[in-house]
Amino acid sequence: MKTIDDYMNDPRLLNDPDMAGALEPIREIHAARLMLQDETAGMSGAEKVAFINARGREVLARRGLSSRIVNLSGQGKLKPREPVIQ
């Protein structure tokens, strides 16, 4: 498995003219995107979601954090009001 450092030296990143003068954090973000694209190539949408969620839980677990997932769907939505005519 390639690391972010491997992707920092990837020809797709090195040969990109927009990345030539980019700051290091921007280059790291693009390297991470390339890594994610390569790792999820050929996966369906549901498989990608499961992969990314599992990866997120792994990252949190490595740092000793719990992965509590909260579902707030349907809560806190604005209710339509009648217009006020003055």
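**Exercise 1.** Is Arg12 buried, partly exposed or exposed?

*Solution.* The model is predicted. Arg12 has a relative accessible area of 41%. Buried means under 20% and exposed means over 50%, so Arg12 is partly exposed.

**Exercise 2.** Which side chain meets that of Asp10 in a salt bridge, and how does Asp10 rank in accessibility?

*Solution.* The side chain of Asp10 pairs with that of Arg12, at 3.1 Å from N to O. Asp10 has 6% relative accessibility and counts as buried.

**Exercise 3.** Which parts of the chain does the pair of Asp38 and Arg12 tie together?

*Solution.* Start with the pair: the closest N and O atoms of Asp38 and Arg12 are 2.8 Å apart, in a salt bridge. Next, place the residues: Asp38 lies in helix α3 and Arg12 in helix α2 (residues 11–14), so the pair ties together parts that are 26 residues apart in sequence. Asp38 is partly exposed, at 34% relative accessible area.

**Exercise 4.** How are α3 and α4 oriented to each other?

*Solution.* Take the axes of α3 and helix α4 (residues 45–62): they come within 11 Å and cross at roughly 125°. That angle is outside the range of 65 to 115 degrees and not over 145, and α3 and α4 are therefore oblique to each other. Their crossing is right-handed. The residues of this contact divide into 4 nonpolar, no polar and 2 charged.

**Exercise 5.** Which residue forms a salt bridge with Glu39?

*Solution.* The partner is Arg55, with the closest N and O atoms 2.9 Å apart. Glu39 is in helix α3 and Arg55 in helix α4, 16 residues apart. Arg55 is partly exposed, with a relative accessible area of 24%.

Methods:
Residues are numbered from 1 along each chain as its sequence is written. This is a predicted model: local features need pLDDT of at least 70, side-chain atom pairs count only at pLDDT 80 or more; totals for chains, interfaces and linings use all residues. Side-chain values use heavy atoms; hydrogens and water are left out. Axes are lines fitted to C-alpha atoms, for helices over the stretch in contact, and angles run from 0 to 180 degrees between N-to-C directions. Helices (H or I, at least four residues) and strands (E, at least two) are DSSP runs, numbered from the N terminus. Angles under 35 degrees count as roughly parallel, over 145 as roughly antiparallel, 65 to 115 as roughly perpendicular and the rest as oblique. A crossing is left-handed if the near helix is turned anticlockwise from the far one by less than a right angle, and right-handed if clockwise. Ala, Val, Leu, Ile, Met, Phe, Trp, Tyr, Cys and Pro count as nonpolar, Asp, Glu, Lys and Arg as charged, and the others, Gly among them, as polar. A salt bridge is a side-chain nitrogen of Lys or Arg within 4 Å of a carboxyl oxygen of Asp or Glu. Buried means under 20% relative accessible area, exposed over 50%, partly exposed in between (1.4 Å probe, protein chains only).
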